[in-house]
Amino acid sequence: AERALFGVGDGDARRTLCEAALDIHLPWLDVTAGIVYSTHVLIVIGACLALLWATHRSAAADWRVPVFCWGFLVMNLIANAIQLAFPVAPPWYVIAHGMAPPTVMSPGNAAGLLRIDALLGFPHFEGIYRQGSLTFGAMPSLHVAFPTWVALNAATVKGRIAGACLALAMAFFAVYLQHHYILDVLAGAFLAVALFAILSRPPVRAKIVAFHRRLDGGAS
């Protein structure tokens, strides 16, 4: 499906963009990819702190932190449930092994990030991905879902623009590094957008805020 929808070339020579990216070896692009791809959790923490500050300055934003945090939890639970019920091989696995059935203990692989390890002279990313517990959890891409969630929940226009740019950069590097297909990227973005569309509706977010305040003892 990936090759048919987003492939380049014709006939038997048609390749996915992940496969085409194997021909690109630019050290500056590799380093940029490694930096951006490593920030998917940090930007969530930063966005949450920014929302807390926005709430401190304006009561109009007091619903954003509960929706952001509880929605983030639900998004992760949904994504992990999908990944466990519908395991999908990442591009690097298909490139290396084709459609060969995996074993239960198939280790993870840092794929394009290994080029950064080579530049560093230290197996940083190799160690991280080899210890991963969900090798076949490529769809949906949480690397893309996270910054998309940040962009949707941002309290300012500048925050939304910055989040959207990060999401686009993360999507590009996910494909460039052979970690996700475009279909995985779209699935991650769709999950974030769909969940936000549901949770940001006034009646729903009011219930989330009330639930959050009950757990917080009425302090927030």
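A residue counts as exposed when its relative accessible area is over 50%, and as buried when that value is under 20%. Keep those cut-offs in mind as you click through this structure, which is a predicted model.

**Stop 1: Arg15 and Asp23**

Select Asp23 to begin. Its relative accessibility is 53%, so Asp23 counts as exposed. Now add Arg15, which is partly exposed at 31% relative accessibility. Show the side chains of both: Arg15 and Asp23 form a salt bridge, and their closest N and O atoms lie 2.9 Å apart. How many salt bridges does the count come to? The count is three, and the next two stops visit the others.

**Stop 2: Glu19 and Arg3**

Next, select Glu19 and Arg3, whose side chains meet in a salt bridge with an N to O distance of 3.2 Å. Colour the helices and you will see that this pair links distant parts of the chain, with Glu19 in helix H2 (residues 17-20) and Arg3 in helix H1 (residues 2-6), 16 residues apart. Turn on a surface here. Glu19 is buried, with a relative accessible area of 16%, whereas Arg3 is partly exposed at 37%.

**Stop 3: Asp30 and Arg115**

Move on to Asp30, which forms a salt bridge with Arg115; the closest N and O atoms are 3.0 Å apart. This pair also links distant parts of the chain: Asp30 sits in helix H3 (residues 27-37) and Arg115 in helix H7 (residues 114-120), 85 residues apart. Are these two residues buried or exposed? Both Asp30 and Arg115 are buried.

While you are in helix H3, pick out Ala33. Ala33 has a relative accessible area of 0%, so this residue is buried. Draw a distance from its C-alpha atom to that of Tyr176: the two atoms are separated by 8.2 Å, although the residues are 143 apart along the chain.

**Stop 4: a nonpolar patch**

Switch to the surface view and select Val41, Leu42, Ile45, Leu49 and Leu52, which make a nonpolar surface patch of about 470 Å². Ile45 belongs to helix H4 (residues 42-57), and at 47% relative accessibility Ile45 counts as partly exposed.

**Stop 5: helix H5**

Now select residues 64-85, which are helix H5. Its 22 residues should span 32 Å at 1.5 Å a residue, and the end C-alpha atoms are 31 Å apart, which agrees. Among the buried residues of H5 are Arg64, Phe68, Met75, Asn76 and Gln83.

**Stop 6: the largest pocket**

Look next for the largest pocket, which holds about 620 Å³ of space. Which residues are closest to its centre? Of the 25 residues that line the pocket, Tyr129, Leu134, Gly137, His143 and His180 are the closest to the centre. H5, helix H8 (124-130) and helix H9 (142-153) are the elements that give two or more residues to this lining. The largest share comes from H8, with four residues.

**Stop 7: helix H9**

Finish on H9, which you can select in full. From its first C-alpha to its last, this helix of twelve residues reaches 16 Å, close to the 16 Å expected at 1.5 Å a residue. H9 is mostly covered, with eleven of its twelve residues buried. The buried ones include His143, Phe146, Pro147, Trp149 and Asn153. His143 thus links the last two stops: this residue is buried in H9, and His143 is also one of the residues closest to the centre of the largest pocket.

Technical notes:
Residues are numbered from 1 along each chain as its sequence is written. This is a predicted model: local features need pLDDT of at least 70, side-chain atom pairs count only at pLDDT 80 or more; totals for chains, interfaces and linings use all residues. Side-chain values use heavy atoms; hydrogens and water are left out. A salt bridge is a side-chain nitrogen of Lys or Arg within 4 Å of a carboxyl oxygen of Asp or Glu. Buried means under 20% relative accessible area, exposed over 50%, partly exposed in between (1.4 Å probe, protein chains only). Patches are made of residues with over 30% relative accessible area and no salt bridge: like charges are joined within 9 Å, nonpolar side chains (Val, Leu, Ile, Met, Phe, Trp, Tyr) within 5 Å. Accessible areas come from the Shrake-Rupley method with a 1.4 Å probe; for residues, only the protein chains shown count as cover. The expected span of a helix is 1.5 Å times one less than its number of residues. On a 1 Å grid over the protein atoms alone, a cavity is a set of points where a 1.4 Å probe fits but cannot get out, and a pocket is an open set with protein on both sides within 12 Å along at least five of seven lines; lining residues have an atom within 4 Å of a point. Grid points are joined across faces, edges and corners, and a volume is the space filled by probe spheres set on the points.
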